[in-house]
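Visitor: I'm new to this structure and would like a close look at just one part of it. Could you pick a helix, walk me around it, and show me what surrounds it?

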Amino acid sequence: MSRYSSSLFSTLQHYTRLKHLRAAKPLHAHIITTNSSSCLYIANALINLYVKSGDCLTARLVFETIPHRDVVSFNTLINAYSHHHQHSSLVLELFRRMRRESTFSDTHSFAGVFNAAPYVNDILGGRQVHGLAVKAVSCFGVFVGSSLVNMYCKMGFVRDARKVFDEMRERNSVTWATMISGYAMHQSGGNALEFFVLMRRNEEREEENEFVFTAVLSGLMSPELVDRGKQVHCVAVKNGLMSFVSVGNALVTMYSKCGSLDDALRTFEMCRDKNSITWSAMISAFAQSGDSQKGLDLFSDMHFSGVMPTEFVFGGVISACSDIGALEQGQQVHGYMIKLGYEFQIYIMSALVDMYGKCGSISDARKGFDCVKEPDIVLWSSMIGGYIENGVNEAALSLYCRMLREGFLPNELTIASILKACSSLCTCEQGKQVHVCTIKYGFSLEFPIGNALFTMYAKCGNLEDGKLVFRRMPMRDVVSWNAMISGLSQNGQGNEALELFEEMRLGGNEPDSVTFVNVLSACSHMGSVERGWIYFQMMSNEFGIAPRVEHYACMVDVLSRAGKLYEAKDFIESATIDHGICLWRILLSACRNYRNYELGAYAGEKLMELGSLDSQAYVLLSSIYTSLGRREDVERVRKMMNLRGVSKKPGCSWIELKSQVHVFVAGDMMHPQIENIGFEIRRLIKHMKDEGYQPSSTTL
């Protein structure tokens with residue numbers, strides 16, 4: 001290389017180190033005009049300049065102009081593409097071209113291919129290049145071996161990664177950390193820990209750096225591994241690795257995932273250098289443990305400490321707002337995000353839509369959804385779920401249909417949500433169409449889809465199809481059994497519900513408190529007081545489940561439906577839990593049905609004393625006093641109702657006709673066929689009068 005070319009080469013390297021592309025472009029123009037690019041060193045330096053400056057397109061153009069490329073020309077571009085994941089598909093193409101042009105492949109060539117293969121999910125291409133690397137024995141050192149282990153781990157072939165690892169003659173900390181991380185990545189924390197122990201046993205403790213520790217800690221994510229995590233923590237302290245922020249972050253995350261929130265908080269407080277990841281880990285830990293308010297308080301501390309939040313921090317904070325329904329704080333966080341420019345990231349917008357939906361501000365959720373021009377399936381699911389959570393099931397179905405029209409395929413969460421909407425509306429035909437979609441898109445009957453499907457069929461009264469889905473489920477959890485028992489109970493098949501409960505017990509499935517609500521409800525529908533008492537006592541005696549308000553309510557209902565009203569009254573008054581107005585409300589309704597007006601008045605007055613705001617309770621008590629001829633008490637109840645601001649909620653009903661749901665609300669005149677409906681109602685009223693029907697004043 002001439003002195004002039006050497007000067008150009010040095011200048012290009014200087015600009016490359018500074019990433020000073022603006023100053024380098026005039027030099028590139030000068031190189032072209034003087035034909036200096038014919039020098040291979042200069043040409044390769046130009047490729048490297050554009051690659052390091054992030055301009056892969058121009059780097060490729062320079063590459064194509066080189067008449068006789070060498071291994072450096074190819075490697076520079078291969079490694080650039082392997083680090084820019086959107087270009088990973090071009091790496092194998094370049095490698096094959098390199099082979100066609102008889103250019104020798106070295107360690108950097110193979111490592112570049114192995115780094116890129118996971119991002120295009122090309123296991124076949126990766127295996128082929130693996131074979132070539134084995135043949136080129138001189139290339140198969142620790143650098144290539146570590147890249148190959150990484151490729152197999154990231155693509156889920158951990159056994160192949162382990163085989164490569166075992167065959168390597170030389171290993172370094174990267175190799176060990178990659179293998180440990182591979183086990184951790186695929187929820188095999190036990191194997192990750194065993195591998196860490198193996199590394200220490202093999203006298204390779206000099207390889208114990210921060211990367212190895214963060215790798216093994218990332219695999220310890222279940223409560224039974226927390227003690228082993230503490231041992232790793234001790235070794236990290238002993239080795240002086242606590243000064244690394246990444247190790248502190250991994251420890252906070254490990255303790256929080258293992259459910260040891262106190263240890264996570266202590267570790268967090270001991271970390272001297274906290275970055276946004278440290279704060280995010282602790283905020284998310286509070287949110288996931290159900291202590292979301294502490295998570296929000298910690299976010300406030302982070303703000304005042306001067307650490308700038310990232311989108312991941314905001315994700316944890318928004319999740320905390322969702323969990324406790326903190327709409328005002330959520331709106332403040334939303335405003336802060338807009339200020340920092342994070343609002344239109346799809347990940348953040350999905351979290352915001354979910355938060356607004358869970359906080360009951362469905363209009364704000366829809367505004368956020370409409371702001372995104374290209375929503376992904378997560379955002380669609382969040383919006384559909386928000387509608388369903390707020391009882392706007394018709395809008396959820398409409399949005400789901402729009403999603404399908406726009407070419408989006410539903411995921412398991414979307415399907416489960418939309419089946420819940422069909423359940424709430426009792427739209428069996430639309431539910432069946434969604435069932436067809438689950439088959440079409442290859443979803444299995446595992447939870448949550450299996451549970452949602454037979455719940456939908458049960459609520460729509462189609463128990464035969466519900467039973468078929470239940471029996472075909474490959475696995476059933478307690479939610480599955482509860483839903484099926486509930487479906488049978490609500491559809492008048494109490495005996496079958498109780499038989500299913502016994503089958504559940506014999507199968508070794510542990511019932512929970514919800515199971516007993518459903519079982520007691522079945523006893524209530526059957527009018528079986530004796531069996532009701534047996535199951536009520538079984539809860540605490542056999543399974544150690546303390547009865548809650550809902551169990552007491554079921555037992556009052558069992559007694560009330562059987563006409564044992566005074567026994568129900570005594571049971572309510574002997575209850576050892578704070579039941580509020582719930583139990584008296586059930587007794588009041590039963591007294592009305594059995595025309596036991598004196599006891600009904602007693603139950604009603606109890607409700608008034610407790611300050612009930614249930615409009616139906618006032619209506620029932622007023623009706624009872626009307627039947628007893630106590631006009632003064634009727635007026636007193638109505639005045640109390642007005643004084644407390646209690647108003648009767650309008651009735652609502654709906655019907656599905658020709659795949660369309662028609663919703664009717666009392667006093668609503670907005671239905672497009674309201675005139676025809678009004679005409680038909682008037683015709684029916686006239687027909688009833690002609691037949692001599694007289695409405696009872698006690699039912700008004």
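Guide: Before we start, one working term: two residues are in contact when heavy atoms of theirs lie within 4.5 Å. Keep in mind too that this is a predicted model.

Let's go to helix 33, which runs over residues 549-561. Helix 33 has 13 residues and reaches 18 Å from its first C-alpha to its last, close to the 18 Å expected at 1.5 Å a residue. Which of its residues are buried? They are His551, Tyr552, Ala553, Cys554, Met555, Val556, Val558, Leu559 and Ser560. As for what covers them, the list includes helix 31 (513-526) and helix 32 (529-543), along with helix 34 (565-574) and helix 35 (582-594). Just after helix 33 ends, there's a small detail to spot: Gly563 takes a positive phi of about 85°.

Now follow one of those covering elements, helix 31, to another partner. A pair of packed helices is described by the angle between their axes and the distance between the axes. For helix 31 and helix 30 (residues 494-506), the axes come within 8 Å and cross at roughly 150°. Angles over 145 degrees count as roughly antiparallel, so helix 30 and helix 31 are roughly antiparallel to each other. Their crossing is left-handed. On the helix 30 side, the contact is made by Gly494, Asn495, Ala497, Leu498, Phe501 and Met504. Across from them, helix 31 brings Thr515, Phe516, Val519, Ala522, Cys523 and Met526. Sort the residues of this contact by kind and you get nine nonpolar, three polar and no charged.

Helix 32, another of the covering helices, is worth a stop as well, and Phe543 is the residue to find there. Is Phe543 buried or exposed? Phe543 has a relative accessible area of 18%, and buried means under 20%, so Phe543 counts as buried. Not counting residues up to four places away in sequence, Phe543 touches Arg505, Glu510, Pro511, Phe516 and Met538. You've already met Phe516, as one of the helix 31 residues that meet helix 30. Glu510 sits 33 residues from Phe543 along the chain, and their C-alpha atoms are separated by 8.3 Å.

So, back where we began: helix 33 has its buried residues covered by a set of elements including helix 31 and helix 32, and helix 31 in turn packs against helix 30 with a left-handed crossing.

How values were computed:
Residues numbered from 1 in each chain as written. Predicted model: local features only at pLDDT ≥ 70, side-chain atom pairs only at ≥ 80, totals over all residues. Heavy atoms only, no water. Helix = DSSP H or I, 4+ residues; strand = E, 2+ residues; numbered from the N terminus. Expected span 1.5 Å × (residues − 1). Buried < 20%, exposed > 50% of the residue type's maximum accessible area, 1.4 Å probe, protein only. Axes fitted to C-alpha atoms, helices over the stretch in contact; angles between N-to-C directions. Parallel < 35°, antiparallel > 145°, perpendicular 65-115°, else oblique. Left-handed = near helix turned anticlockwise from the far one by under 90°. Nonpolar A, V, L, I, M, F, W, Y, C, P; charged D, E, K, R; others polar.
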